[in-house]
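Work through these short exercises with the model open beside you. Try each task before you read its solution.

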Amino acid sequence: MHLEQLRYFLSVARHRNFTEAAREFYMTQPAITHQISALERELGIKLFLRTTRNVSLTRAGSSFWRTPSGCWTWRSGPWVGCARRSRP
């Protein structure tokens, strides 16, 4: 898992839209979709329910959202305390 993937995930979750998230990072929608799909494969869970018009978080996606969103400050930088908490 890469920090960029977490940033993309948080953006899609916030916008509820892959295209808007892609615009935020000056990327194409397929590139964001690819990164989210790679993250889902790595985690072994579906993070989003996708239809032709809507994107929503799955139950697992909602749980995952609560964890990384607390790890980012308003400056979109990693919070040191989060890294310490996430280590076993």
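The exercises below concern a predicted model.

**Exercise 1. Two helices**

Task: Find at what angle helix α1 and helix α3 pack, and decide whether they are roughly parallel or roughly perpendicular.

Solution:
- Step 1. Know what to look for. Two packed helices are described by the angle between their axes and the distance between the axes.
- Step 2. Locate the helices. Helix α1 covers residues 3-15, and helix α3 covers residues 29-43.
- Step 3. Read the geometry. The angle is about 110°, and the axes lie 9 Å apart.
- Step 4. Classify. Angles of 65 to 115 degrees count as roughly perpendicular. So α1 is roughly perpendicular to α3.

**Exercise 2. The residues between them**

Task: List which residues of α1 and α3 meet, then sort them by character.

Solution:
- Step 1. Take the α1 side: Gln-5, Tyr-8, Phe-9 and Val-12.
- Step 2. Take the α3 side: Ile-32, Gln-35, Ile-36, Ala-38, Leu-39 and Glu-42.
- Step 3. Sort the residues of this contact. Seven are nonpolar, two are polar and one is charged.

**Exercise 3. A glutamate in α3**

Task: Decide whether Glu-40 is buried or exposed, and name its contacts.

Solution:
- Step 1. Place the residue. Glu-40 belongs to helix α3.
- Step 2. Apply the cut-off. Buried means under 20% relative accessible area. Glu-40 has 4% relative accessibility, so it counts as buried.
- Step 3. Find its contacts, leaving out residues up to four places away in sequence. Glu-40 touches Ile-45, Lys-46, Leu-47, Phe-48 and Arg-50.

**Exercise 4. Aromatic pairs**

Task: Count the aromatic pairs, and describe the pairs Tyr-8 with Phe-25 and Phe-9 with Phe-64.

Solution:
- Step 1. Count. There are four aromatic pairs.
- Step 2. Take Tyr-8 and Phe-25. Their centres are 4.9 Å apart, with 80° between the planes. Planes over 60 degrees apart count as edge-to-face, and this pair is edge-to-face.
- Step 3. Place this pair. Tyr-8 sits in helix α1, and Phe-25 sits in the loop between α2 (18-24) and α3, so the pair ties together parts 17 residues apart in sequence.
- Step 4. Check burial. Tyr-8 counts as buried at 10% relative accessibility. Phe-25 counts as buried at 16%.
- Step 5. Take Phe-9 and Phe-64. The ring centres are 5.0 Å apart and the planes stand at 70°, so this pair is edge-to-face.
- Step 6. Place this pair. Phe-9 lies in helix α1 and Phe-64 in helix α4 (residues 59-69), so parts 55 residues apart in sequence are tied together. Both Phe-9 and Phe-64 are buried.
- Step 7. Look for a cluster. Ring pairs link Phe-9, Phe-18, Phe-48 and Phe-64.

Definitions and conventions. Residues numbered from 1 in each chain as written. Predicted model: local features only at pLDDT ≥ 70, side-chain atom pairs only at ≥ 80, totals over all residues. Heavy atoms only, no water. Axes fitted to C-alpha atoms, helices over the stretch in contact; angles between N-to-C directions. Helix = DSSP H or I, 4+ residues; strand = E, 2+ residues; numbered from the N terminus. Parallel < 35°, antiparallel > 145°, perpendicular 65-115°, else oblique. Contact = heavy atoms within 4.5 Å. Nonpolar A, V, L, I, M, F, W, Y, C, P; charged D, E, K, R; others polar. Buried < 20%, exposed > 50% of the residue type's maximum accessible area, 1.4 Å probe, protein only. Phe/Tyr/Trp six-rings, centres within 6.5 Å; stacked < 30°, edge-to-face > 60°.
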